Amino acid sequence: MNKPMAATHSGSSLLKAVPMLLLFSSGFILGMISIANFPKFYESPFLSPMLHSLVPSSSRPIMQPSPSPETPCVWPPPLPSSTPTPAPSPPSTPTGLMGFLAPSGVTHNMTDEELLWRASMAPRVSRAPYSRVPKVAFLFLVRAKLPLRLLWEKFFAGHGKELYSIYVHSDPPFAASLPTDSVFYGRMIPSQRTTWGDANLVEAERRLLANALLDLSNERFALLSESCIPIFDFPTVYAHLTGSNDSFVDCFDNAGARARYRPALFAPHNITAAQWRKGSQFFEMDRALAVEVVSDERYFPAFRDSCAGRRGCLIDEHYIPTLVSLLRWRRNANRTLTYTEWRPRRPHPRSHGARDVTEELFGKMRGGAGNCSYNGKASDVCFVFARKFSPDALAPLLELAPKVIGFG
């Protein structure tokens, strides 16, 4: 009884194993077929990007399909795009040398500290790599108006702006707008308030010089006021300034000059009474001296501090003359080119009105006291500018200019 039952059980187990063997065999055969066809599957354009991202680059097979004559040599072919490809932006034009030599205008947002630092830069190479025409910078330090502007307009008329540049410091700015064809239009530099006899006058002078120094063609710098006039025509003034070997800074030493020297303020800055000088505020200087003035951080603080809490300290008559003395500046004529008629025991010079404007006055102003030298030789031209002229002098000046001054 037990043997037949055992045989029946073995046959049943064998019958159950047969399907498992058949399933295994079928899976083996299908696997071999898949392996045989895997390269073609890998080359599919739809699955290849995904597979490439999964397979390490070192183990990827190198596939280079052969292009057909009808399709370009790009694989895979690019998909059409509805968004047009933006055009490449044109390359920026590099700034040439001339872009650094002459600013296009005089307006900027630099602080005084930034301006003086920028203006103090000076080329060390003496030979310029471009054709250079020296310009004269006319620096007008005025108070809200230019009453003699029409005379100056005629002075500059007909002469190329490659020969001169104009800078105006005025706070408050001009009340009336200037005509667009005026030589003064657009020449107002960023300005600050000034007060007679205060240190801010010297700060304004340094500000004017610094703005003018930004134009590397400016070689001579003449400080003027709203009451100044030219007493020669433009060609004569231009030739006299650009042809000079010296600067024209009034610089003298006498008992009256030393009366304003304050040892407690100036001695700590190594400014002695023997070096103290006085002179006219209205200078004409070359570029080298102008750079020294705007670069000075050693002596100017002493002059500025000497005015703190004081009215009428008049350092505008002492700072630049004393700086020239401290620097031992040899290329200086020790005189001004601006004629001024001082009256005994008066703090201000004489102001010339309409009745004073005569040919005799111009002869007196041009020659001055005589005994003037120019480039080491005697000269009959002592002054090329003059002050002070009141607004009512404009009409007779315009009338006399063609005959006496040579323009208009």
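Here a trainee and a mentor talk through a predicted model, from its disulfides to a helix and a small sheet.

Trainee: How many disulfides does a search of the whole structure find?
Mentor: Sulfur atoms have to lie within 2.5 Å of each other to count. Cys307 and Cys313 pass, with their sulfur atoms 1.6 Å apart, and Cys372 and Cys382 pass at 1.8 Å. So the search of the whole structure, with that cut-off, gives a total of two.

Trainee: What is the pairing if you number the bonded cysteines in sequence order?
Mentor: Cys307 is bonded to Cys313, and Cys372 to Cys382. Numbered along the chain, the pairing reads 1-2, 3-4.

Trainee: Is the disulfide of Cys372 and Cys382 right-handed or left-handed?
Mentor: Look at the torsion about its S-S bond, which is about 110°. The link of Cys307 and Cys313 has 80° there and is right-handed. With about 110°, the disulfide of Cys372 and Cys382 is therefore right-handed.

Trainee: How many residues apart in sequence are the parts that Cys372 and Cys382 tie together?
Mentor: Cys372 sits in strand S7, residues 372-374. Cys382 is in the loop between strand S8 (377-379) and S9. So the parts tied together are apart in sequence by ten residues.

Trainee: Is Cys251 buried or exposed?
Mentor: The cut-off for buried is under 20% relative accessible area. Cys228 meets that at 0%. Cys251 has 14% relative accessibility, so it counts as buried.

Trainee: What should helix H6 span at 1.5 Å a residue?
Mentor: H6 covers residues 199-213, which makes 15 residues. The expected span is 1.5 Å times one less than that number. The end C-alpha atoms agree with the expectation, and the span is 21 Å.

Trainee: How many of the residues of H6 are buried?
Mentor: The helix is largely enclosed by the rest of the structure, because few of its residues escape burial. Of its 15 residues, the buried ones number 14.

Trainee: Which residue has a side-chain oxygen reaching the backbone nitrogen of Asn200?
Mentor: Check the start of H6. The oxygen comes to within 3.0 Å of that nitrogen, and its owner is Asp198.

Trainee: Which strands stand at the edges of the open sheet?
Mentor: Three strands form the sheet in the order S4-S9-S6, with mixed pairing. An edge strand has a single partner, so one side of it is left without a neighbour in the sheet. That describes S4 (229-230) and S6 (338-340).

Trainee: Which residue in S9 does Ile229 stand opposite?
Mentor: S4 and S9 run antiparallel, joined by two bridges. S9 covers residues 385-387. Opposite Ile229 in S9 stands Ala386.

Note on methods:
Residues numbered from 1 in each chain as written. Predicted model: local features only at pLDDT ≥ 70, side-chain atom pairs only at ≥ 80, totals over all residues. Heavy atoms only, no water. Pairing = 2+ DSSP bridges. Helix = DSSP H or I, 4+ residues; strand = E, 2+ residues; numbered from the N terminus. Buried < 20%, exposed > 50% of the residue type's maximum accessible area, 1.4 Å probe, protein only. Polar contact = N/O pair within 3.5 Å; in protein donor to acceptor, adjacent residues only side chain to side chain.
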